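Reader: I should like a close examination of one helix in this structure, covering its ends, its buried side and its packing partners. Please state the criteria behind each term.

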Protein chains: 2
Amino acid sequence: MDEIIELHEQIKTLIEERRYKELKAILSEVNAIDIAEALNGLPDGCMRMAFRLLGKDQAADAFVAMEHEEQEFLIRSFTDKELVAIVEDLSVDDTVDIIGEMPANVVARILRSADAQTRKSINEILLYPEDSAGSMMTPEYVSLRPSMTVEEAFDKIRRVGHDKETIYTCYVTENRRLVGVISVRSLLVAAKTTTVAELMHENFISVKTTDDKEFVAGQIKKYGYLAIPVVDGDDKLVGIVTIDDAIEVIEEEATEDIQKMTAITPDESPYLRLSVFKIWKQRFPWLVLLMILATLTSKIIGMYETALSACIVLNSFIPMIMGTGGNAGSQSSVTVIRGISLGEIRVRDAFRVAWKEMRAAIIIGVTLAPITFLKVMYLDGLYSEPDGVVISLVISATLVVTVLVAKLVGAVLPILAKIVHLDPAVMASPFITAIVDALSLIVYFTIASSFVPALA
Amino acid sequence: MDEIIELHEQIKTLIEERRYKELKAILSEVNAIDIAEALNGLPDGCMRMAFRLLGKDQAADAFVAMEHEEQEFLIRSFTDKELVAIVEDLSVDDTVDIIGEMPANVVARILRSADAQTRKSINEILLYPEDSAGSMMTPEYVSLRPSMTVEEAFDKIRRVGHDKETIYTCYVTENRRLVGVISVRSLLVAAKTTTVAELMHENFISVKTTDDKEFVAGQIKKYGYLAIPVVDGDDKLVGIVTIDDAIEVIEEEATEDIQKMTAITPDESPYLRLSVFKIWKQRFPWLVLLMILATLTSKIIGMYETALSACIVLNSFIPMIMGTGGNAGSQSSVTVIRGISLGEIRVRDAFRVAWKEMRAAIIIGVTLAPITFLKVMYLDGLYSEPDGVVISLVISATLVVTVLVAKLVGAVLPILAKIVHLDPAVMASPFITAIVDALSLIVYFTIASSFVPALA
């Protein structure tokens, strides 16, 4: 990190002092990804100058790793020739990503700079629905024919390999239909005259263009692939998705889940790039919805107003009871939601989950009760109140029931959501809390009215 | 998924009917990872039998993908010869993973089945601290010398490649010191007489054995590597970490963050494998701690008991105010925590974050206020109460202040935690809520006592 900041300062100084040759030599020794990071935040002219000093491959690698705002600025400052050089070196999926973030006039310039074949590929990929395998794939794979010998295969790999996203897994096709997958590793160890058909794996896994990107990432991870082939409705190979894109999807999906679990509408942009208005849009509707839901608790407390006036001390424990119920419920719901996301919990596990949560809730409730009793009696000082022991017992009993209810609701609601094809992540803390708040109040007042003498 | 269940049933039937040949033919056509999944939950004898029908490579691949309980059962049922065959095919890092989950007598058998070199590697890796790069690396990489020609390099790759975790990135060493990294891709396109020294990249990134595994995964992702070299204190190459392990770490870390954010002590085991007692251990201490923290809210409400008796209607809005404050605070804290995890927010961004959250909070508060006023007046029916308008205004004003306080506390606390080297994830919803609960009550009662005539 510190080295990047140092490099950033160094670039600035050397450009201001016009020591370009020196800077060029320094940059040639640095990893392109680090250069992208060091360029971040440089004054515009300075960044353009530094970028021009990069070697061709380094420039393309650094360009892909830059922020979209900086990419846009650079594209606008490029001559047509410079832009052609960069676009030539970009992979199709990276180009599609960049296009997605650019204004129309920049997109038009990028497309004009691409060769006809690339432009065609880009336009095809842009037609696939967002979040589909088709939208994230790249057509830059190596395809082989089953009848090729190992030697012929290597000739082809050498010939076309430079522009391909990966050469380590090659795809064997017959009339564009995918019939096998073969690794460069197995080609390397085989005799030169062996045919591709003899070596290829036929038990390969592929995905469809319409599959969800989360599913695609999951398959790559599950099968330990470096890339997964994408086929169309006729089983024709149309592209591949590589493992680096899978990592991005896995991280994005976790972020999305976390956002939904906290009552935030997901947005993929990095936090510091989000405008205040976008933050408002992500958060405000949920706060309003949850506030309206809280009407329920107000109504319940209102119903017991007379009881509360008669024994006002009951009142001060409401937040503690609701809080514990909410926390207990969130623990369960978030655990179950994450389990569903990771594929560890399936709908058919619903009863096992409920049974496990029930037992956990009982143990937690029973161990929590004596601690609660002592806390309420001595920390909150109920021992000196009239009916102090009874009220402490009521509160402890309420917690036992509340924890049980909260954990069952928390565990079951996400699975129910999954069954009716809603997103389980929405059934997380805030909603569970809103429901559990109301339930815990009912439990509290019901138990209290039966046992506290002042309310009789 | 359905195909796996079908395969599972088919295996069971064919084994019961002793149609082994038929089953063997069927299994040979299936991906090893799918076989592992289909074997899951088969009766013990049935699973052992089916496993014996697998080809050598398939058996090793399926074995690695199985659950630890099943691996243990299989190891116990293996003859020494069978175990040697499996252990031989396992990579060192997979073996280390499996050893970590087995009882001592099984570990001893596994180690006895490994050859001397592998046993030595395993013992070395086991000495590295948990969660370090050293503990997750494998020594199975291809190393080349700078003076080798491309042809010699391929000879070596062919000779040693079979047992290596990856051959696609090779590591160039001099007296075991790592001096360069070279891809098979660049070797493939180069002339046979070129030397490795001419082709290798010297601007490579490496990690140290003591680096945290989260950092290692982050570097692999950032630099788009398939594997990253791990060096010791003297810059000597000791192993590599591959991208599939990085994916696992990234997913685990997200799960850990989610667990901590929900007041659960992280545990890596899949939910359905967790005992009820372990669930209790993960969750109970936090519930107790948060319950004790709630003493604060009880005390604050207790302090205003007289005021509340005088105007009992104020009471029923406490949960709604605390809830909205808690939700607003969680939105900010969770956003910031995730941003820190993803490296999007750094300590030096603290003021930018606070400033952004403050503006967002003001817009949210100001737009929430009129909705709150209408809800309290008409949905909760305050319009018919004495002082209804004043109380509705007090509640709306309280929410504006509470949202602002909650968002600032929620945004700043995780960054403060980061500064003092605590885990930011612990500063999530439950703790923010406990703090915001207390603060929102103080705001509420302060505003109410100043404006509600009944309290004057």
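Author: At the N-terminal end of helix α15(B), D212(B) acts as the cap, with a side-chain oxygen 2.9 Å from the backbone nitrogen of E214(B); a polar contact is a pair of N or O atoms within 3.5 Å, and within protein one must be able to donate a hydrogen and the other to accept it, while residues adjacent in sequence count only if both atoms are side-chain atoms. This is a predicted model, in which local features need pLDDT of at least 70 and side-chain atom pairs count only at pLDDT 80 or more, whereas totals for chains, interfaces and linings use all residues. Residues are numbered from 1 along each chain as its sequence is written, chains are lettered from A and ligands numbered from 1 in the order in which they are written, and side-chain values use heavy atoms, with hydrogens and water left out.

The helix α15(B) spans residues 213-223; helices are DSSP runs (H or I, at least four residues) and strands likewise (E, at least two), numbered from the N terminus. Its buried residues (under 20% relative accessible area, 1.4 Å probe, protein chains only) are K213(B), V216(B), A217(B), Q219(B), I220(B) and Y223(B). They lie on the same side of α15(B) because they cover an arc of only 160 degrees around the axis, taken from the directions from the helix axis to the C-beta atoms.

These buried residues pack (heavy atoms within 4.5 Å) against α3 (32-39) of chain A. Within chain B, they pack against α11 (133-136), β4 (207-208), β5 (227-231), β6 (237-242) and α16 (243-261). Just after α15(B), G224(B) adopts a positive phi of about 65 degrees.

Note on methods:
Buried < 20%, exposed > 50% of the residue type's maximum accessible area, 1.4 Å probe, protein only.
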